[in-house]
Amino acid sequence: MIDIQWMIGGEAGYGIMTTGVMMSKIFTRLGLSVFDYVEYPSLIRGGHNAYYVRGSDEKVYSQKKTVDILVALNHETIEKHKDELVPQSVILYDSNSIKLKNEFSKGILTIPIPLLDMMNDLQIDHLMINTITIGASLALLYDDFSLLQKIMQDTFIKKGEEVVAINTKTSKAGFDFIKEKYNGVFKKKFSLNQQSSLLMSGADAVALGAIRAGLKFAAIYPMTPINSILTKLTQHALSYNIIVKEPEDEIAGINMAIGASFAGVRSMVATSGGGFSLMVESVGLAAQTETPLVIVMGMRPGPATGMPTWTEQGDLRFVMHAAQGDFPRIILTPGDIDECFSLTLRAFNLAEKYQLPVVVLVDKYLMEGHATVKIDKLRLENAWYRIDRGKIVSSAQLKGIKDFKRYILTNDGISPRSLPGQEGGISFSGSDEHDERGLYNEDADMREAMMEKRFKKLKTLEKEILVPQVYGSKNAEITLIEFGSTKLPCLEAMKCLQDEEININVIHFSWVHPFPSKHFIQLVKKSKKTIVVEGNYSGQFEGILRERTGFVPDDRLRKYNGRPFYPEEIIAKIKEII
């Protein structure tokens, strides 16, 4: 079995992220299952950056703690990551700037590369130091440089043939250096095993899901970790007739999106905690006017600016309760790249069918991490999906209605809506309570009727609530319970423990509000010992489980240092309690 983790570290500005994605592409084209993850500080310049890429010929769900190939562009990288090395690990390092002493035990191979000398010989800018190392890394694993040559062509062709040529020449120099001096020193060798997979980030998947769902207007103020959604939508805006607006702030953004949706097109916003704080009042506006709206919320550690380039699951309670008053909303929590795509598709239909805000709650770990996704699986989602715009009355229907009431009281809580410009479909919408025509009304009976109508939607949409999914044996000794991206390290831990014949399973929530109480109770009845795993301090998800079902787990594992869970941490917790 092949299971390798490659890592590059160094100062910001040396193409760490570009190199990391390129390594993920190499693994993908070799036919491996890939997961990658990047860590970087919230600084404009400098600071330590690290990019982890894991590849395996078996399915991988997350990163792991150990590193097999460490590419060190500075000495700080070695100091920070030397404890992650294992026997037979390799360190590629710049011998012009890093002087190693006999600090590594036998079994760890150190390979000095005179990067500065090579850059001078090639007459290239020192910022291309990373490009030499990607060629050197490939040479350790695979014998044919043409694999990387093709990736260079695909990556840089939009910048011109000259850029392709210089990057190819530079990476070839690194490849040739290793082949000449260190050929065969790394014991894990790969062969080409082509599979139909795409390498995607969570942000890519959300953007593509929105495009497939018929998105026509997006207003997104840039903010980590959702920036790549803005980039991806902008790249495809002309091809799919989408208006992608970068507003002056988040308040303007959400109000633009509400206006666009009111006018009849599918719209969305994307932001993170600080931006969502600004949007809160308008979330209530969407609810009061019953205007469909999709909100992608990318969690990162708070409060305030907190640690903006790191990850956490600390905004669950915030999005559940944001905005004054009492109103229905839906919160979806994708657990992997596939779910980022499929749940975004679903969010647009839910928003329009039930005329309410739908939050797709993600985090930095998922948005900026990449993984291989089976093309066949995406095709299945694509084939299954049908755009459902809900109760939009046609012009022909309006001709048969003498007195159109936008907010007419209905048994299912959903009032047919007209679009601006439709003859006979005039409606008024505002932030005040209103009558069936949308006109201001504070009558007690009308208030009760409108509140009850809005909340009837929750009963109507019950049939669409996604049941928590169980992974692993139904008769497991231990059950991990989680939501969102914590699914990935939990599944990785489950896989490792199953290899040791420890019987565990995972209950994953991709829909947390309205909470699927009855389904969860049925599932958890079969569990013998339960652990709730979540990435926040106060146990927000555990609190919701208790609040909605009375369920109290046997144990819990929480993390709130800005780093994602490692499967090794989950495994250690399980072994501690069995």
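User: Is Glu290 buried or exposed in this model, and what is its relative accessible area?
Analyst: In this predicted model, Glu290 lies in the loop between helix H10 (273-288) and strand E11 (293-299), and its phi is near 55 degrees, a positive value in a residue other than glycine. Because buried means under 20% relative accessible area, Glu290 counts as buried, with a relative accessible area of 1%.

User: Which residue in the loop between helix H12 (337-354) and strand E13 (357-363) has a positive phi?
Analyst: Most residues other than glycine have a negative phi. In the loop that runs between helix H12 (337-354) and strand E13 (357-363), a residue that counts as buried at 0% relative accessibility has a phi near 50 degrees, and that residue is Gln355.

User: What is the omega of the peptide bond from His513 to Pro514?
Analyst: Pro514 is found in the loop between strand E18 (511-513) and helix H18 (517-524). The peptide bond that leads from His513 into Pro514 is cis, with omega near -5 degrees.

User: Which residue of helix H16 (residues 444-460) belongs to the negative surface patch and is exposed, with a relative accessible area of 59%?
Analyst: The negative surface patch is formed by Asp443, Asp445, Glu448 and Glu452. Because exposed means over 50% relative accessible area, a value of 59% qualifies Asp445 as exposed. The residue in helix H16 that is asked for is therefore Asp445.

User: What is the radius of gyration of the chain?
Analyst: The chain has 20 helices and 20 strands. The globule rule gives 25 Å for 578 residues, and the chain comes close to this, so it is as compact as a globular protein of that length, with a radius of gyration of 26 Å.

Definitions and conventions
Residues numbered from 1 in each chain as written. Predicted model: local features only at pLDDT ≥ 70, side-chain atom pairs only at ≥ 80, totals over all residues. Heavy atoms only, no water. Patch = residues over 30% accessible without salt bridge, like charges linked within 9 Å, V, L, I, M, F, W, Y side chains within 5 Å. Areas by Shrake-Rupley, 256 points an atom, 1.4 Å probe, with all protein chains shown as cover. Salt bridge = Lys/Arg side-chain N within 4 Å of Asp/Glu carboxyl O. Lys, Arg positive; Asp, Glu negative; His and termini not counted. Charge placed at Lys NZ, Arg CZ, Asp CG, Glu CD. Helix = DSSP H or I, 4+ residues; strand = E, 2+ residues; numbered from the N terminus. Buried < 20%, exposed > 50% of the residue type's maximum accessible area, 1.4 Å probe, protein only. Rg over C-alpha atoms; globule rule 2.2 N^0.38 Å.
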